[in-house]
Amino acid sequence: MLNNPRYAPNGEVTAAVELEGVNKWYQAFHVLRDINLSVSSGERVVICGPSGSGKSTMIRCINRLEEHQTGRISVNGTDLTADLRHIDGMRGNAGMVFQHFNLFPHLTVLENCTLAPIWVKKMPRRQAESLAREYLHRVRIEDKAGSYPGQLSGGQQQRAAIARALCMKPKVMLFDEPTSALDPEMVKEVLDTMTSLATEGMTMLCVTHEMGFARGVADRVVFMDQGQIVEMANPDEFFRSPRSDRARQFLRQILR
């Protein structure tokens, strides 16, 4: 193990997420093409690009919501295969926040947050509820614990979804367009919550068109187009002097 570049000399995993030569097809459509990406523990990576470039598919493959056909994906040192034990273990370490919240409408916010800790991690209910209230306080909606999702604004629902993911104590957070379904006035409250997580050292991969968040929070920006990673750079370099014509065109459109 010590000779494996994924591990530090003390045996700890150095890459929180790794993709090597990942390809995915939807029938004849080649949606991901030879994706190579390594994300270090504590790193914040923003993934951007035009619609249909494969961004969300890549994130969903990391969480095994989509299955890749070739290549290797590893999360916290565990390779994702068809082995359900590996998938369940990975999902316990990688929280996912979706575009459309995906909260259970018939459960209260507190019940949404405690469901997985109780049933997946076998956590005692009282402990799960205490943990959930801690994270609801952290995302500033502790007063909504007894409310149902339909009684919350979009921004509050997304913050509840973030709290739900955090209740599993993940080592990595995956965000798939977390603000795209929100009204403009609700975007800031969700981005503020994500920024707070980033400053606390959470490993994050975020698919987003929020370029202000990318500039202010990301350690690295990954630009994708037509199923490929076209370029990777730190935010200053990417926004100041993108190398590819496609990235320059994308930035002109999104920043105008």
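# A first walk through the model

With 75% relative accessibility, Gly 150 counts as exposed. Hello everyone, and thanks for having me. I'm starting with that glycine as a way in, and please keep in mind throughout that what we have here is a predicted model.

So where does Gly 150 sit? You'll find it in the loop between helix 4 and helix 5. Now look across to Pro 105. Along the chain, Gly 150 and Pro 105 are 45 residues apart, yet 6.7 Å separates their C-alpha atoms.

Let's stay in that loop for a moment. Arg 140 is also placed between helix 4, residues 125-138, and helix 5. Its backbone has a positive phi of about 65°, although Arg 140 is not a glycine. Is Arg 140 buried, partly exposed or exposed? Its relative accessible area is 43%, so Arg 140 is partly exposed.

If you like positive phi angles, there are others to visit. Asn 102 is not a glycine either, and its phi is positive at about 60°. Asn 102 belongs to the loop that runs between strand 6, residues 94-97, and helix 3, residues 109-119. With a relative accessible area of 43%, Asn 102 is partly exposed. Then there is Arg 64, just after helix 1, where phi is positive and about 60°.

Since we've arrived at helix 1, let me say a word about it. This helix covers residues 55-62, and six of its eight residues are buried, so helix 1 is largely enclosed by the rest of the structure. Which residues of helix 1 are the buried ones? They are Lys 55, Thr 57, Met 58, Ile 59, Cys 61 and Ile 62.

A little earlier in the chain we meet His 30, which lies in strand 2, residues 29-40. His 30 is buried, with 16% relative accessible area. If you go 24 residues along the chain from His 30 you come to Gly 54, and the C-alpha atoms of the two are separated by 9.6 Å.

Now for the helices, and helix 5 is a good place to begin. It spans residues 154-166, which makes 13 residues, and from first C-alpha to last it reaches 19 Å. That is close to the 18 Å expected at 1.5 Å a residue. How many residues of helix 5 are buried? The count is 13 of 13, so to speak a helix that is mostly covered.

What lies alongside it? In general, two packed helices are described by the angle between their axes and the distance between the axes. Let's try that out here. The axes of helix 5 and helix 6, residues 184-199, come within 8 Å and cross at roughly 20°. That angle is under 35 degrees, so helix 5 is roughly parallel to helix 6. Their crossing is right-handed.

On to helix 3 and helix 5. Here the axes come within 8 Å and the crossing angle is roughly 25°. Helix 3 is therefore roughly parallel to helix 5, and this crossing is right-handed.

And how do helix 3 and helix 4 cross? Their axes come within 9 Å, at an angle of roughly 125°. Helix 3 and helix 4 are therefore oblique to each other. Helix 3 passes helix 4 in a right-handed crossing.

I've saved the aromatic rings for the end. A search of the whole structure turns up three aromatic pairs. One of them is formed by Phe 223 and Phe 238, with 6.2 Å from centre to centre and 35° between the planes, a tilted arrangement. Phe 223 lies in strand 9, residues 220-225, while Phe 238 lies in helix 8, residues 235-240, so this pair ties together parts that are 15 residues apart in sequence. Phe 223 and Phe 238 are both buried.

Phe 238 has another ring partner, Phe 239. The centres of these two rings are 5.3 Å apart and the planes meet at 80°, so the pair is edge-to-face. Phe 239 is buried, as is Phe 238. Put the ring pairs together and they link Phe 223, Phe 238, Phe 239 and Phe 250 into a cluster.

What lies over the face of Phe 239? It is Arg 215, at 4.2 Å from the ring centre.

That's my tour, and I'm happy to go back to any stop on the way. Thank you!

Technical notes: Residues numbered from 1 in each chain as written. Predicted model: local features only at pLDDT ≥ 70, side-chain atom pairs only at ≥ 80, totals over all residues. Heavy atoms only, no water. Phe/Tyr/Trp six-rings, centres within 6.5 Å; stacked < 30°, edge-to-face > 60°. Helix = DSSP H or I, 4+ residues; strand = E, 2+ residues; numbered from the N terminus. Buried < 20%, exposed > 50% of the residue type's maximum accessible area, 1.4 Å probe, protein only. Lys NZ or Arg CZ within 6 Å of the ring centre and 35° of its normal. Expected span 1.5 Å × (residues − 1). Axes fitted to C-alpha atoms, helices over the stretch in contact; angles between N-to-C directions. Parallel < 35°, antiparallel > 145°, perpendicular 65-115°, else oblique. Left-handed = near helix turned anticlockwise from the far one by under 90°.
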